[in-house]
Every structure is written in structure tokens, then in C-alpha cells.
Amino acid sequence: MINTLQQQHRDSFRVFRECRAVEAALKQQLVQALDKVYLASLRDSTTNAISQPLRGIMTHLFDTYGKVTSQKIADGQEKVQNFPFDPVQPVD
């Protein structure tokens, strides 16, 4: 019974560490992908770090900057439709 409980604990702890690592990696990618101005209000003024979890960051971004109007959608659709596409060229 003790061995079984120890194994369950090790497995649970491994999953916990993996989840934390994935969240840290996603957070790092998000910070690198966005302009600094969008994350400035989330940063600690002393350490310049963002201490909120990924869910909190995403909630802040959607609540603050996520307002999409029908005009923005139409503009984006027009931009995509008018984008010159050459299948010979690389995707990048």
C-alpha cells in the first residue's frame, strides 16, 4: 500500500511539474510575441516580472484589447482576400 501511494504521489508530482513547465513556456512565448505596451500594466515595477498565471494574462488581454467590431473583421477579411499569394514562394 505504501509503495502504491508513493508511486501515485510521484506520478502526480511529475504531472504537476510538467503542467508548470508548459505554462511557463507558453507564458514566455506570449511575452515574446506581444509588444511590450500590451503587457506593461501587468509587470511589477520593481522586478519587471509578470507574476500572474497565464489564465490571468489572457483574461486581461481579452478584456482590455479583445473588442472586435464588425468593421475590423471586414477590414481583416478584405486584407486577406487582397493578399498576393504565390504558391512558388515559401510560406514565410
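**Entry 1: Tyr38**

I started with Tyr38, which has a relative accessible area of 33% and is therefore partly exposed. I kept in mind that I am reading a predicted model. Next I looked up where Tyr38 sits, and its place is in helix α2.

I then asked which residues join Tyr38 in a nonpolar patch on the surface. They are Val37 and Tyr65, and the three together have about 300 Å² of accessible area. I checked Tyr65 as well: its relative accessibility is 41%, so Tyr65 counts as partly exposed.

**Entry 2: aromatic pairs**

A reminder to myself: two aromatic rings are described by the distance of their centres and the angle of their planes. I searched the whole structure for such pairs and found 2.

One is Phe13 with Phe16: the ring centres are 6.2 Å apart and the planes stand at 25°, so I noted this pair as stacked. The cut-off I needed here is that planes under 30 degrees apart count as stacked. Both Phe13 and Phe16 belong to helix α1, which covers residues 2–33, and they are 3 residues apart, about one turn of the helix. That spacing made me recall a handy rule: an α-helix has 3.6 residues a turn, so residues three or four places apart point the same way.

Are these two rings buried or exposed? Neither word quite fits, because Phe13 at 43% relative accessibility counts as partly exposed, and Phe16 at 44% does too.

Then I turned to Tyr38 and Tyr65, whose ring centres are 4.8 Å apart with planes at 85°, so this pair is edge-to-face. Tyr38 is in helix α2 (residues 36–39) and Tyr65 in helix α3 (residues 54–65), so the pair ties together parts that are 27 residues apart in sequence.

**Entry 3: helix α4**

I wanted to know how far apart the end C-alpha atoms of helix α4 are. They are 16 Å apart, and this agrees with the 16 Å that its 12 residues (70–81) should span at 1.5 Å a residue. I also looked at how well α4 is covered, and the answer is hardly: 0 of its 12 residues are buried.

**Entry 4: the whole chain**

Finally I stepped back. I counted 4 helices and 0 strands in the chain, and along the sequence the pattern reads α-α-α-α. The radius of gyration is 21 Å, well over the 12 Å from the globule rule for 92 residues, so the chain is more spread out than a compact globule. Along the principal axes, the C-alpha atoms fill a box of roughly 65 × 40 × 25 Å. My last look-up was burial: buried residues make up 10% of the 92 residues.

Notes
Residues are numbered from 1 along each chain as its sequence is written. This is a predicted model: local features need pLDDT of at least 70, side-chain atom pairs count only at pLDDT 80 or more; totals for chains, interfaces and linings use all residues. Side-chain values use heavy atoms; hydrogens and water are left out. Rings of Phe, Tyr and Trp (its six-membered ring) pair if their centres lie within 6.5 Å; planes under 30 degrees apart count as stacked, over 60 as edge-to-face and the rest as tilted. Helices (H or I, at least four residues) and strands (E, at least two) are DSSP runs, numbered from the N terminus. Buried means under 20% relative accessible area, exposed over 50%, partly exposed in between (1.4 Å probe, protein chains only). Patches are made of residues with over 30% relative accessible area and no salt bridge: like charges are joined within 9 Å, nonpolar side chains (Val, Leu, Ile, Met, Phe, Trp, Tyr) within 5 Å. Accessible areas come from the Shrake-Rupley method with a 1.4 Å probe; for residues, only the protein chains shown count as cover. A salt bridge is a side-chain nitrogen of Lys or Arg within 4 Å of a carboxyl oxygen of Asp or Glu. The expected span of a helix is 1.5 Å times one less than its number of residues. The radius of gyration is taken over C-alpha atoms; the globule rule is 2.2 Å times the number of residues to the power 0.38.
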